[in-house]
Amino acid sequence: MPVNPELVGREFPPTPPYLVGREKVREFARAVFADAPQHTDVEAARAAGFADVVAPPTFPMVIQDLTLQQLLGAEDSGIVLARTIHAEQRFAYTRPIVAGDELTAQLRVTGIRMMAGNALITSEAEITDAAGAHVVTATSVLLVGEGE
């Protein structure tokens with residue numbers, strides 16, 4: 001089954017709230033070699049004007065992954081995981097993510113483009129805090145290879 005073109009415009013339900021933990025931020029910072037002290041040291045983060053350690057810029061992938069699992073799990077999507085790669089990623093921030101944030105994400109498929117028999121699926125995850133304020137929009141492009 002090819003990728004379902006009717007995915008464009010589909011919105012998935014919001015994810016359960018994700019509480020950003022200090023140790024998760026530190027672990028992620030180590031994993032991506034983000035060595036600025038505000039990512040691991042609370043006092044350095046506070047000296048820089050933040051309430052707690054600051055997540056590296058690519059941290060929203062942790063929350064966005066919850067939304068992408070919804071897309072990949074949609075029975076009518078036509079997406080075959082074995083033929084799918086993560087082709088592109090962008091982030092548009094309103095403010096940084098800090099430990100203690102409670103974040104929710106909602107995914108919307110914004111486009112599907114066919115190229116040489118492959119599908120490029122673009123989606124946006126709007127990530128908001130507990131008050132409903134925008135924190136970051138994470139945009140992903142998945143490349144789904146042509147099937148047999």
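Is Gln-64 buried or exposed at its relative accessibility? The legends below take up this residue after an overview of the model, which is a predicted one.

**View 1. The whole protein, with its helices and strands.** In this predicted model, the secondary structure comes to 3 helices and 5 strands, and the elements follow one another from the N terminus in the order β-α-α-α-β-β-β-β. The C-alpha atoms fill a box of roughly 55 × 30 × 20 Å when taken along the principal axes. Of the 148 residues of the protein, 39% count as buried, and the accessible surface comes to about 7800 Å², with 56% of that area belonging to carbon and sulfur atoms. Among the contacts with a separation of 6 or more, 69% are accounted for by residues 24 or more positions apart.

**View 2. The open sheet and the helix that lies across the strands.** The 5 strands form an open sheet in the order β1-β3-β4-β5-β2, and their pairing is antiparallel. The edge strands are β1 (18–19) and β2, each of which pairs on one side only. Strands of a sheet pair through backbone hydrogen bonds, either parallel or antiparallel. Within this sheet, β4 and strand β5 (residues 134–144) pair in the antiparallel sense over 10 bridges, and Ile-121 stands opposite Leu-142 in β5. Helix α3 lies across β1, β2, β3, β4 and β5, and the helix runs at about 55° to β3.

**View 3. Gln-64 in helix α3.** This close-up returns to the opening question: Gln-64, found in helix α3 (residues 60–73), counts as buried because its relative accessibility is 0%, which is under the 20% limit for that term. Leaving aside residues up to four places away in sequence, Gln-64 touches Gln-89, Ala-125, Ile-127, Ala-138, Thr-139 and Ser-140. One of these partners, Ala-125, is 61 residues apart from Gln-64 along the chain, yet the C-alpha atoms of the two are separated by 6.2 Å.

**View 4. Asp-101 and the partners of its side chain.** Asp-101 has its place in the loop between β2 (84–93) and β3, and with a relative accessibility of 10% this loop residue counts as buried. A polar contact of 3.0 Å joins the side chain of Asp-101 to that of Arg-95, while the side chain of Asp-101 also reaches the backbone nitrogen of Val-98, at 2.9 Å. When residues up to four places away in sequence are not counted, Asp-101 touches Tyr-18, Leu-19, Val-20, Arg-95 and Pro-96.

**View 5. Phe-33, a loop residue with a positive phi.** Phe-33 is placed in the loop between α1 (22–31) and α2 (42–47). The phi angle of Phe-33 is near 60°, which is a positive value in a residue other than glycine. The relative accessibility of Phe-33 is 73%, so the residue counts as exposed, the limit for that term being over 50%.

**View 6. Ala-116, between two strands of the sheet.** Ala-116 lies in the loop between β3 (102–115) and β4 (118–128). Here, too, the view centres on a backbone angle: phi of Ala-116 is near 55°, a positive value in a residue other than glycine. Because its relative accessibility is 71%, Ala-116 counts as exposed.

Terms used
Residues numbered from 1 in each chain as written. Predicted model: local features only at pLDDT ≥ 70, side-chain atom pairs only at ≥ 80, totals over all residues. Heavy atoms only, no water. Helix = DSSP H or I, 4+ residues; strand = E, 2+ residues; numbered from the N terminus. Buried < 20%, exposed > 50% of the residue type's maximum accessible area, 1.4 Å probe, protein only. Contact = heavy atoms within 4.5 Å. Polar contact = N/O pair within 3.5 Å; in protein donor to acceptor, adjacent residues only side chain to side chain. Pairing = 2+ DSSP bridges. Axes fitted to C-alpha atoms, helices over the stretch in contact; angles between N-to-C directions. Areas by Shrake-Rupley, 256 points an atom, 1.4 Å probe, with all protein chains shown as cover.
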